[in-house]
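Visitor: I should like a close look at a single part of this model, namely the surroundings of the ligand. Please describe them in one connected account.

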Amino acid sequence: MEGILDELDGETVIIDPERHTPNDVYKLMVGAIVPRPIAFVSTLSAAGVRNLAPFSFFTAVSANPPVICFSPMVRASDGQRKDTLHNIEATGEFVVNVVSEEFARQMNQCSAEFPPDVDEFAISGLTPVASELVKPPRVRESHIQMECRLLQVVHVSPKPLGGSLVLGEVLRFHVDETLFDDFRIDPGRLRAIGRMGGPIYARTTDRFEMPRPTPADFDLEAAGHGG
Ligand SMILES: Cc1cc2nc3c(=O)[nH]c(=O)nc-3n(C[C@H](O)[C@H](O)[C@H](O)COP(=O)(O)O)c2cc1C
């Protein structure tokens with residue numbers, strides 16, 4: 001193991017990312033940060049070509065105003081930025097479509113590294129539908145679609161597998177009414193999927209409840225925090 005792993009400390013493998021290849025560090029991150037929701041991002045190029053690609057380095061940042069972020073990384077294959085990022089920087093607009101189990105296969109097809117003139121709606125057979133406030137189309141098959149305006153791009157690293165953080169304000173939510181109840185989303189109908197490491201995905205059909213506690217639920221004195 002010497003020379004491969006930095007230090008073997010009993011049961012814990014301690015890893016200094018600077019001493020390992022970006023690909024190994026990437027594997028570590030995508031195995032550790034799980035499950036990740038998937039932003040299925042539609043954009044238009046400056047020339048008007050449609051683009052659709054999945055991104056699992058994705059989360060919410062703010063609810064007031066509603067802001068989401070995701071991260072297109074620099075391609076490991078050729079060191080180039082992805083079409084999605086080019087398009088967003090050129091147009092300032094995108095749509096994030098939530099991915100459900102029923103069109104997971106088509107979503108995956110859109111992750112192939114096609115040249116910029118290829119329309120992934122046509123490749124996958126997914127249906128483009130006009131947005132209200134932005135030019136990129138939504139994905140009809142998606143139960144929740146978010147029309148976004150670019151707020152900021154933070155280029156974290158230009159190296160292969162380096163990322164850029166794209167922050168977008170949600171201008172419109174489009175929610176399938178069969179899974180909408182007073183602003184609550186029915187996860188059993190949404191059937192969102194999450195990405196694990198490599199080609200592994202997680203379903204959201206096995207759930208459990210755990211109400212969030214308040215400080216009154218604890219005996220703070222017994223925990224050494226009494227006055
Ligand atoms: C489920 C899934 C999640 C992905 N997440 C990311 C991601 O977070 N960042 C990234 O750069 N690429 C990610 N990819 C790979 C991109 O989808 C792929 O590079 C795609 O070709 C980019 O398309 P574009 O060049 O049209 O933007 C993911 C692929 C899949 C299947």
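Guide: The account below turns to the ligand shell after a few words on the chain.

The model is predicted: local features require pLDDT of at least 70, side-chain atom pairs count only at pLDDT 80 or more, and totals for chains, interfaces and linings use all residues. Residues are numbered from 1 along each chain as its sequence is written.

The chain contains 6 helices and 16 strands; helices (H or I, at least four residues) and strands (E, at least two) are DSSP runs, numbered from the N terminus. Of the 227 residues in the chain, 24% are buried, a residue being buried if 20 or more other C-beta atoms, placed from the backbone, lie within 10 Å of its own.

Around the ligand there are 17 residues, and the closest are Ala53, Phe57, Asp83, Thr84 and Ser111. A residue is near a molecule if its C-beta atom, placed from the backbone, lies within 6 Å of it. Strand 5 (50–55) and helix 2 (83–91) are the elements that give two or more residues to this shell. Strand 5 provides the largest share, with 4 residues.

By class, the shell around the ligand comprises 7 nonpolar, 6 polar and 4 charged residues. Here Ala, Val, Leu, Ile, Met, Phe, Trp, Tyr, Cys and Pro count as nonpolar, Asp, Glu, Lys and Arg as charged, and the others, Gly among them, as polar.

As for the frame of the whole chain, its C-alpha atoms fill a box of roughly 60 × 50 × 30 Å along the principal axes.

Notes. A residue is buried if 20 or more other C-beta atoms lie within 10 Å of its own, exposed if 12 or fewer, and partly exposed in between; C-beta atoms are placed from the backbone.
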